[in-house]
Amino acid sequence: MKPQAFDRSEHVYRSDAFAELVKDAVRFFNGTPVHTLPPIESFLGTGVYALYYTGCNPLYKKYAELNRFSYGYPIYVGKAVLRGWRQARSSDNALSQSRELIGRLREHGRSITHSADLSLEDFMCRFVIFEEEGSDMISTIEAALIKLNKPLWNTAVDGFGNHDPGSGRYEQAKSDWDVVHEGRVWASKCNGKHAEKNTVISNIRLHLKKLGAAQ
């Protein structure tokens, strides 16, 4: 069969229904209840979550001000999916329910607790559980929330959501988050060349300045 002439328009997918579905999920997310970090009650499920800062750390004063009356400005957005979903992804259902989402929130709580200059009581969270076919939306909704909110720890400061790389892999650099918020034991073992603390702090201040200008 002779190849057809290339026409880019024949390869572009557009769907108003899909775009509206994403908007609807984001609206639902923004209306969910806010809980302590981590939530007191355990629960099953995978999904998308956001963390909100309300404390008095001078670096994040802007977030505390913005979240004073309502939680509308997340400092971090993340997702929790079934283990191995990249290799053999299956939709989350009643038979495959796990505690990935609550586990991820608890892990973040431990990271904050280990840091020298952050207090766990200064953080709140909200989340959406996606089940069955809806679990296929997890990465899409996470990306939409990051694009919409541009959370500081997703954009200007990397590494908050990192895991312990494990023995034999500590040649990598300490993340920006760990440079500013020292305390995670495994991060102190990373011996690669990392960013200077003053540089990371400058990036934080620039990001918050842009956030303030957007209000």
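This is a short tour of a predicted model, stop by stop, with something to select at each one.

**The whole chain**

Start with everything on screen. The chain has 215 residues, and 43% of them count as buried. Its C-alpha atoms fill a box of roughly 65 × 40 × 40 Å along the principal axes. Switch to a cartoon and you can pick out seven helices and four strands. Walking from the N terminus, the elements come in the order α-β-β-α-β-α-β-α-α-α-α.

Now turn on a surface. About 12,800 Å² of the chain is exposed, and carbon and sulfur atoms supply 52% of that area. As for how the chain meets itself, take the contacts between residues at least 6 apart in sequence: 71% of them join residues at least 24 apart.

**Helix 1 and its surroundings**

Select residues 16-30, which make up helix 1. Leu-21 is in this helix, and its 43% relative accessibility makes it partly exposed. Add Tyr-13 and Phe-18 to the selection: together with Leu-21 they form a nonpolar patch on the surface, with about 350 Å² of accessible area between them.

Stay in helix 1 and show the side chains of Asp-24 and Arg-27. They meet in a salt bridge, at 3.9 Å from N to O. Why do these two sit about one helical turn apart? Because they are three residues apart in helix 1. Asp-24 is partly exposed, with a relative accessible area of 42%, and Arg-27 is partly exposed too, at 47%.

**Two more salt bridges**

The structure holds five salt bridges. For another one, select Glu-142 and Lys-79, whose closest N and O atoms are 3.2 Å apart. Glu-142 belongs to helix 4 (residues 138-149) and Lys-79 to strand 3, so this pair ties together parts that are 63 residues apart in sequence. Are the two partners buried or exposed? Glu-142 is buried, with a relative accessible area of 13%, while Lys-79 is partly exposed at 23%.

Next, select Arg-184 and Asp-178. Their side chains meet in a salt bridge at 2.8 Å, N to O, and both residues are buried. Before leaving the salt bridges, go back to Asp-24 and Arg-27 and add Glu-20: salt bridges that share partners join these three into one network.

**The largest nonpolar core**

Time to go inside. Select Leu-51, Tyr-60, Ile-75, Leu-152, Trp-153 and Ile-204, the residues with the most contacts inside the largest nonpolar core, which has 33 residues. Which elements each supply at least two residues of this core? Colour these to see them: strand 2 (46-53), helix 2 (61-66), strand 3 (76-80), helix 3 (100-114), strand 4 (123-130), helix 5 (152-155), helix 6 (176-180) and helix 7 (197-213). Helix 7 gives the most, with five residues.

Zoom in on Leu-152. Setting aside neighbours within four places in sequence, Leu-152 is in contact with Tyr-60, Tyr-63, Ile-75, Val-157, Ile-204 and His-207. Apart from this core lies another one, of 16 residues, including Val-26, Ala-50, Tyr-52 and Val-128.

**Helix 3**

Select helix 3 on its own and put a distance marker between its end C-alpha atoms. They are 21 Å apart, which agrees with the 21 Å that its 15 residues should span at 1.5 Å a residue.

Which residues of helix 3 are buried? They are Glu-100, Leu-101, Ile-102, Arg-104, Leu-105, His-108, Gly-109, Ser-111 and Ile-112. Bring the rest of the chain back and look at what surrounds them: the buried residues of helix 3 pack against strand 2, strand 3, strand 4 and helix 6.

**Last stop: Thr-54**

Finish in the loop between strand 2 and helix 2, where you will find Thr-54. Thr-54 is partly exposed, with a relative accessible area of 30%. Select Arg-68 as well: the two C-alpha atoms are separated by 6.8 Å, and the residues are 14 apart along the chain. To see what Thr-54 touches, leave aside its neighbours within four places in sequence and show Ala-64, Asn-67, Tyr-71 and Asp-122, which are in contact with it.

Technical notes:
Residues are numbered from 1 along each chain as its sequence is written. This is a predicted model: local features need pLDDT of at least 70, side-chain atom pairs count only at pLDDT 80 or more; totals for chains, interfaces and linings use all residues. Side-chain values use heavy atoms; hydrogens and water are left out. A nonpolar core is a set of buried Ala, Val, Leu, Ile, Met, Phe, Trp, Tyr and Cys residues joined through side-chain atoms within 4.5 Å. Buried means under 20% relative accessible area, exposed over 50%, partly exposed in between (1.4 Å probe, protein chains only). Contact means heavy atoms within 4.5 Å. Patches are made of residues with over 30% relative accessible area and no salt bridge: like charges are joined within 9 Å, nonpolar side chains (Val, Leu, Ile, Met, Phe, Trp, Tyr) within 5 Å. Accessible areas come from the Shrake-Rupley method with a 1.4 Å probe; for residues, only the protein chains shown count as cover. A salt bridge is a side-chain nitrogen of Lys or Arg within 4 Å of a carboxyl oxygen of Asp or Glu. The expected span of a helix is 1.5 Å times one less than its number of residues.
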